[in-house]
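Student: I should like to go through the reasons behind the descriptive terms applied to this model. May we take them in turn?

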Amino acid sequence: MQENLPPYAGYIDAGMPGGTALLRQQAVDYYRDLQTRAQQVAHREGVILTTELVEGDEVQAIIECVQRNQAIC
C-alpha cells in the first residue's frame, strides 16, 4: 500500500517545479523495490507471490484490489 503524499507536498512545486512528481516517483520506486524483495523471498520458499501497488485510503484500496483480482481472503 503506497501512502499518499501529505497535503503540504504541493508547496514543493513552488520552490522546485516538478518536485511533487519526483517525490511520487521516488515513493513508487521504493515500494516496487519492497515488492520485488518480498517476491524473491517468497520464491525461495516455493511460494508464488503476486503483488499490486495501490494508492489511497488503505481500507478502500484493499477492498478494490481484492474485488479486482477476485481474491479470497
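**Fold, burial and an aromatic pair**

Tutor: In this predicted model, the chain holds 3 helices and 0 strands, and its pattern along the sequence is α-α-α.

Student: What makes the chain more spread out than a compact globule?

Tutor: The globule rule gives 11 Å for 73 residues, and the radius of gyration is 16 Å, well over that value, so the chain is more spread out than a compact globule. The C-alpha atoms fill a box of roughly 50 × 25 × 15 Å along the principal axes.

Student: Why are Tyr30 and Tyr31 called an aromatic pair, and why edge-to-face?

Tutor: Ring centres must lie within 6.5 Å, and planes over 60 degrees apart count as edge-to-face. The centres of Tyr30 and Tyr31 are 5.2 Å apart and their planes make an angle of 75°, so both conditions are met. A search of the whole structure finds 1 aromatic pair.

Student: Why is Tyr31 called buried?

Tutor: Buried means under 20% relative accessible area. Tyr31 has 19%, so the term applies.

Student: What makes Tyr30 partly exposed?

Tutor: The relative accessible area of Tyr30 is 46%, which lies between the 20% limit for buried and the 50% limit for exposed, so Tyr30 is partly exposed.

Student: How much of the chain is buried?

Tutor: Buried residues account for 18% of the 73 residues. The chain exposes about 5900 Å², of which carbon and sulfur atoms supply 57%.

Technical notes. Residues numbered from 1 in each chain as written. Predicted model: local features only at pLDDT ≥ 70, side-chain atom pairs only at ≥ 80, totals over all residues. Heavy atoms only, no water. Phe/Tyr/Trp six-rings, centres within 6.5 Å; stacked < 30°, edge-to-face > 60°. Buried < 20%, exposed > 50% of the residue type's maximum accessible area, 1.4 Å probe, protein only. Helix = DSSP H or I, 4+ residues; strand = E, 2+ residues; numbered from the N terminus. Rg over C-alpha atoms; globule rule 2.2 N^0.38 Å. Areas by Shrake-Rupley, 256 points an atom, 1.4 Å probe, with all protein chains shown as cover.
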